[in-house]
Amino acid sequence: MSSHEQADVAVIGGGPAGLAAAAEAKAAGASRVLLLERDDRVGGILNQQVHDGFGTKVFNEALTGPEYAAIYEDRVNEREVETWLKTHVINVTKDRLITVHSDKGLRTIEAGSVVLSMGCRERTRGAIGTAGTRPAGVFTAGAVQNYMNVRNLAVGRKVVILGSGDIGLIMARRLKLEGAEVVCVAEILPQPSGIGANLVRCLEDFDIPLYLSTTVVEIHGKSRVTGVTLAEVGPKMGEKKGTRRFIECDTLLLSVGLIPENELTNKIGIITNPVTTGAVVDDSFRTSVPGIFSCGNVLQVHDVVDYATMESEKAGTAAAIWATTGKLPDADIKVSAGAGLRYVLPATISGTDAVDFTMRSWREEHDQSVIFKSGGEEVRRLRMPHMEPAGMIRVRVGKGRFRRIVNNELTVEVGA
Amino acid sequence: MPDKFDVAIIGGGVVGCAIARELSRYQLRVVVLERAADVARGTSGKNSGVVHTGINVPTGSRKAALNVAGARVFEDFCKDLDVPFDRVGKVIVALEEDQTPDLESLMARGIANGVPDLEIIDSATLKRMEPNISGAAALNVPTAAIACPYSLNIALAESSAEAGVEFMLNSPVTAINGDEGDFQITTPGGTVNAALIVNSAGLFSDKIARMVGIKRWRIWPCRGEYVILDKRAGSLINSMVYPVPPKGGAGLGVHITPTTDGNILLGPSADYTNDADDVRTTPKIRRQLLKEAAEFLPALSPRDVITAYSGMRPKLVPSKVGGFGDFVLEEVPEQLGMMNLVGIESPGLTASPAIADEISGWVRERIPAKKNSNFKGKWTAVDRVRDETPEKIDALIGEDPAYGEIICRCEMVTRKEIIDSINNGLEATSLNAIKYRSRATMGRCQGGFCGPRIIDLLIENGHSPESLTLTGGDSWLFLGSVEDLRKGRTREAVEAGN
Amino acid sequence: MNSTVICIVCPVSCPCEVEWTKEGGVTKVENNQCKLAFEYVEGELFDPRRMLTTSVPVDGGNWPLVSVKSHVPIPKDQMLNAMKAIGDLRAKAPIKVGDVIMPDFIGSGADLVATRNVAVA
């Protein structure tokens, strides 16, 4: 090994989550903070997200992705976080010994705390099993966003988008503005996957049709995509007979979901939640392995970067406290998702401070409430005019409420 | 390029390239004509990568002889070319007691064909060997092995090219004129003259034969779909797991095969088609593969699927007839000077060194030649960081910092390996040419992250964006810049510089 | 009149129930989670506007493009015309976030400004 280094806090991944965690770890008293990033710049996906809408929660204004990233990049630089670019983490042990691969050779880092903020990747054609030939012209929406907005490369002129995830919707508008023909967006679910604001400003504004309960059943073309066959699906996702139609196009964009990049998390042996596939964490964002924290999209896929930032700032602060004092409040109160919710985070809380719970509902709901219960009694209730699976719900519960908790258990559910 | 070649090999599959490598030992002028933008694009690139022992082929057939002969030398064949090879062994599993007689007859045939160390094991022994597999009994075939089929094919081609063999990619043969000693072979890029022809065109070997008036063979393409699983599922099995072969079926049944890279393959299916290029995948067969594999391996999860793909078998027997079709290696009276290799389906990969040996003999009987001093017995393409020890990785990075930059994170491929793949000896420049040489884009993100960075390197190496393709030909990736899109320019106009 | 207007100010996308008249403007907004919805809804009903975000090719920069936006929203029906107005525009490195790339680019008072730093290559 070329060298051996020591750090109070090592943050893995320099996207929005890692930037926020590193900056706050430094502010919270960690003396050496390393930010490990495999790309040649920090900012992650924000660098390619040239559209606006970032920062409405943190800065109360709508910034573009690069502007939002620049604020945090400046912040880590001002606070003298050490950023290692083009640095690939190949291993992390339970004892927080990190091995990295870069043009300086293989190096090891002994870290007081480790923050996992590796983000997520896009689900691919192979993973969803779209049938047909394997021509050029099938791209994930995020890859096209990168080609267009970072590398100045146009992938095609006549485009069908499969999946109504936010990146797909954003790319529908982007392609349309740049002169491509966006034939339609097809979504297999009966409801859109992206947020309402994007349906309005990306599709409705440009008269781009959205076909719900519809999917691509076959891709055509031997060399380059020549078209796709769409078909409607029934309630159990089975193809409806007689609904097939061919649509000519040269490009198919996939916006069919994001997968947290938890390969390292799993390799370390950290306990994960089967629903989010991310680590099980407490309200300090501690994982099951002492001294290892997780935040941002690797923990749960966010639809608002501001919330990923806020979550990561807490994780960074906690990581610094743990590295410097070895002490964080015990989180003995078990939190579980009840009726109507796919999951709730964190999995355990200490009750010593306010907690921002994040969760997603199973279904679209109107005029319902998110209810926190312990021992059958209500601890807190928040009316939600509107909930949808596409939108993460974030509810703050003040520490005073936690006095009502009995038997160290708290359930969160959707109710009238 | 010389005015005239001694030998023209039509088809850059594993058989054609093994012959090229064998001939490159001698001072012969050899050309390989390949219709696709790279070698290993047909049957040879998409199969299970199994080095068969010879238990599945009728005793006394050419298939059996060439299979067993090939299997005997295959490990060295791979080692010489630095190609991944692993003797993982194979278990042929009887799900129910009543299939045990089938295991016994397979074993008897294996023994007759000279396959060593065969034994029938009971359910408990199977469980010890393969804790995740359930079955009533199994035939244990410990000498069966796996190799990386496309890596072998590419290594054969590139090592031959280095020793002086010419490769003409994107060169489908459209006509053959002349006679032994003076053939004229027409391709879209021009005419090639050669004294002898080796027809190793696989799926198109019947069409090549017909160009000189040989009408006795017909190839029946038979598609096989595969599902490939993430490496995290790779530890579910230790060896290859096969069912008892279906009676009269077109293949060996859906099997579970580890790859030399640590993934698992499920498949292949068997569907006859009229179109040799029809490498579709279908949801029906994907579901069926997962279902059939789960009968042996209940721990399989559809979540582990990375992708599906299809290969194509060049069968000599139509689906209605079924059953066995032997390998054809024949020079026939209708056209002397042309060696036809027809119906080389499974176990063609295993047999390829033995076939190459035989064809080399046929060539040298006709054109005696001295040894070629440029031939290298041992050949290495590129050091692969993922296979190296930490000390070696450090040393490689010290030699060249490009080894220190990981481009493909899923498969741990460095910038150095990508650049070496771009500068391959065959001048194959498609994105897939880089994929099959470096493994970049083969992992779970399927190029979502590394695709753009590989494109950067291609552009840095002098390729224009609008000239880049996925698989050559019309498989273009970019129409131009965002400005070109904005201005309504077509890709052709951008490429022409308008 | 009653309308449902999805607020697009932030990703929460509140489906606002709005009471309004042509003369008196918006009289009531419900189903919103924050105050920003009032201003948005009024704008959407009487003068719909959008931020335009796109990119402009850069000569001599460490990025081939600079991402840009309209510094204030432009009339919604002018989005595609605005792209035409940007047309052949090119920028020259170095560029700083906030630099005006094209002042008042469609005559609506909105400037096209850079949203990324681009250094000289």
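Which residues touch the most other members of the largest nonpolar core? In this predicted model, they are A:L252, B:V7, B:A8 and B:A194. That core holds 201 residues. Take B:A194 as a way in. Leaving out residues up to four places away in sequence, B:A194 touches B:K4, B:F5, B:D6, B:V7 and B:A8. B:V31, B:F183 and B:I185 are touched by B:A194 as well. There is also a second, separate core. This one has 84 residues, among them A:M118, A:V301, A:A315 and A:I333. A general tendency fits here: in soluble globular proteins, nonpolar side chains tend to be buried together.

Now turn to chain A. Its domain assignment gives three parts. Domain 1 joins residues 1-121 with residues 259-328. Domain 2 covers 124-256, and domain 3 covers 329-416. The centres of domain 1 and domain 3 of chain A, taken over C-alpha atoms, lie 26 Å apart. Domain 1 of chain A gives 13 residues to the contact between these two, and domain 3 of chain A gives 16. On the domain 1 side, six of the residues are nonpolar, four are polar and three are charged.

A pair of helices in chain A deserves a look. Two packed helices are described by the angle between their axes and the distance between the axes. For α1(A), residues 16-27, and α2(A), residues 65-78, the axes come within 9 Å and cross at roughly 35°. The crossing of α1(A) past α2(A) is left-handed. From α1(A), the meeting residues are A:P16, A:L19, A:A20, A:A22 and A:A23. From α2(A), they are A:A69, A:Y72, A:E73, A:R75 and A:V76. Sorted by class, this contact has eight nonpolar residues, two charged residues and no polar ones.

Chain B comes next. Its assignment also lists three domains. Domain 1 is built from three stretches, 1-82, 144-217 and 319-380. Domain 2 combines 83-143 with 220-315, and domain 3 runs over 385-496. Between the C-alpha centres of domain 1 and domain 2 of chain B there are 27 Å. Each of these two domains of chain B puts 40 residues into their contact. On the domain 1 side, α2 (62-80), β8 (145-147) and α5 (149-162) of chain B each give two or more residues. The most comes from α2(B), with five residues. That side of domain 1 divides into 17 nonpolar, 18 polar and five charged residues.

Where do chains B and A meet? On the chain B side, the elements that each supply at least two residues are α7 (283-296), β18 (305-315), α9 (390-399), α12 (450-460) and α13 (482-486). The contact takes 45 residues from chain B and 42 from chain A. By class, the chain B side has 22 nonpolar, 14 polar and nine charged residues.

Follow α12(B) inward. Its buried residues are B:C450, B:G451, B:R453, B:I454, B:I455 and B:L458. What covers them includes α4 (141-149) of chain A. From chain B, the cover includes β21 (406-408), α10 (415-422) and α11. After α12(B) comes B:G462, with a positive phi near 95°.

One of those covering helices, α11(B), spans residues 431-438 and contains B:Y436. Is B:Y436 buried or exposed? B:Y436 has 24 other C-beta atoms within 10 Å, so B:Y436 counts as buried. Setting aside neighbours within four places in sequence, B:Y436 is in contact with B:A40, B:G45, B:Y150 and B:I154. Compare B:V51 with B:Y436: the two are 385 residues apart in sequence, and their C-alpha atoms are 19 Å apart in space.

Last comes chain C. Here the assignment gives domain 1 (2-47) and domain 2 (53-114). Their centres, over C-alpha atoms, are separated by 29 Å. Chain C also touches chain A, with 27 residues from chain C and 26 from chain A in the contact. On the chain C side, β5 (53-59), β6 (65-70) and α2 (79-86) each give two or more residues. The largest share is that of β5(C), at four residues. This side of chain C divides into 15 nonpolar, eight polar and four charged residues.

Technical notes: Residues are numbered from 1 along each chain as its sequence is written. Chains are lettered from A and ligands numbered from 1 in the order in which they are written. This is a predicted model: local features need pLDDT of at least 70, side-chain atom pairs count only at pLDDT 80 or more; totals for chains, interfaces and linings use all residues. Domain bounds come from an automatic or database domain assignment. Two residues are in contact if their C-beta atoms, placed from the backbone, lie within 7 Å. Ala, Val, Leu, Ile, Met, Phe, Trp, Tyr, Cys and Pro count as nonpolar, Asp, Glu, Lys and Arg as charged, and the others, Gly among them, as polar. A residue is buried if 20 or more other C-beta atoms lie within 10 Å of its own, exposed if 12 or fewer, and partly exposed in between; C-beta atoms are placed from the backbone. Axes are lines fitted to C-alpha atoms, for helices over the stretch in contact, and angles run from 0 to 180 degrees between N-to-C directions. A crossing is left-handed if the near helix is turned anticlockwise from the far one by less than a right angle, and right-handed if clockwise. A nonpolar core is a set of buried Ala, Val, Leu, Ile, Met, Phe, Trp, Tyr and Cys residues joined through C-beta atoms within 7 Å.
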